[in-house]
Amino acid sequence: MSKEFKYPLGIVVKATISGEKGHIKGRAEYTNTENQYYVHLLAADGRAIDRWFDESELTQAEL
């Protein structure tokens with residue numbers, strides 16, 4: 001059974017713990033875990049990085 005994604009591709013999200021913001025580049029769904037999102041973001045140290053986040057680790061934000 002497919003789970004719906006909370007966030008569409010391309011929107012700006014924020015990591016709830018670190019506050020880092022970026023846009024969603026990809027999504028993945030799994031049978032036994034929550035949806036995940038591949039986010040391109042500006043890390044706290046100023047580097048641009050790509051990283052996977054669980055859906056529960058993100059909130060929608062403005063860049």
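**Exercise 1.** State which residue of strand 3 stands opposite Gly22, and place the pair in its strands.

Solution. Gly22 faces Leu41 of strand 3. Strands here are DSSP runs of E with at least two residues, numbered from the N terminus. Strand 3 covers residues 36–42 and pairs with strand 2 in the antiparallel sense, over six bridges. Two strands count as paired if DSSP finds at least two bridges between them.

The model is predicted: local features need pLDDT of at least 70, side-chain atom pairs count only at pLDDT 80 or more, and totals for chains, interfaces and linings use all residues. Residues are numbered from 1 along each chain as its sequence is written, and side-chain values use heavy atoms, with hydrogens and water left out.

**Exercise 2.** Describe how strand 1 joins strand 2.

Solution. Strand 1 (residues 12–15) and strand 2 (residues 21–28) run antiparallel and are joined by three bridges. Val13 is opposite Gly22 of strand 2, and Val12 is opposite His23. The two strands make a hairpin with five residues between them. In its turn, Gly19 has a positive phi of about 80°.

**Exercise 3.** Give the strand order of the sheet and explain why strands 4 and 5 each have one side without a neighbour.

Solution. The sheet is open, with five strands in the order 4-3-2-1-5 and antiparallel pairing. Strand 4 (48–54) and strand 5 (58–60) are at the edges with a single partner strand each, so one side of each lacks a neighbour in the sheet. From one strand to the next, the twist averages 45°, taken between lines fitted to C-alpha atoms, with angles from 0 to 180 degrees between N-to-C directions.

Note on methods: Helices (H or I, at least four residues) and strands (E, at least two) are DSSP runs, numbered from the N terminus.
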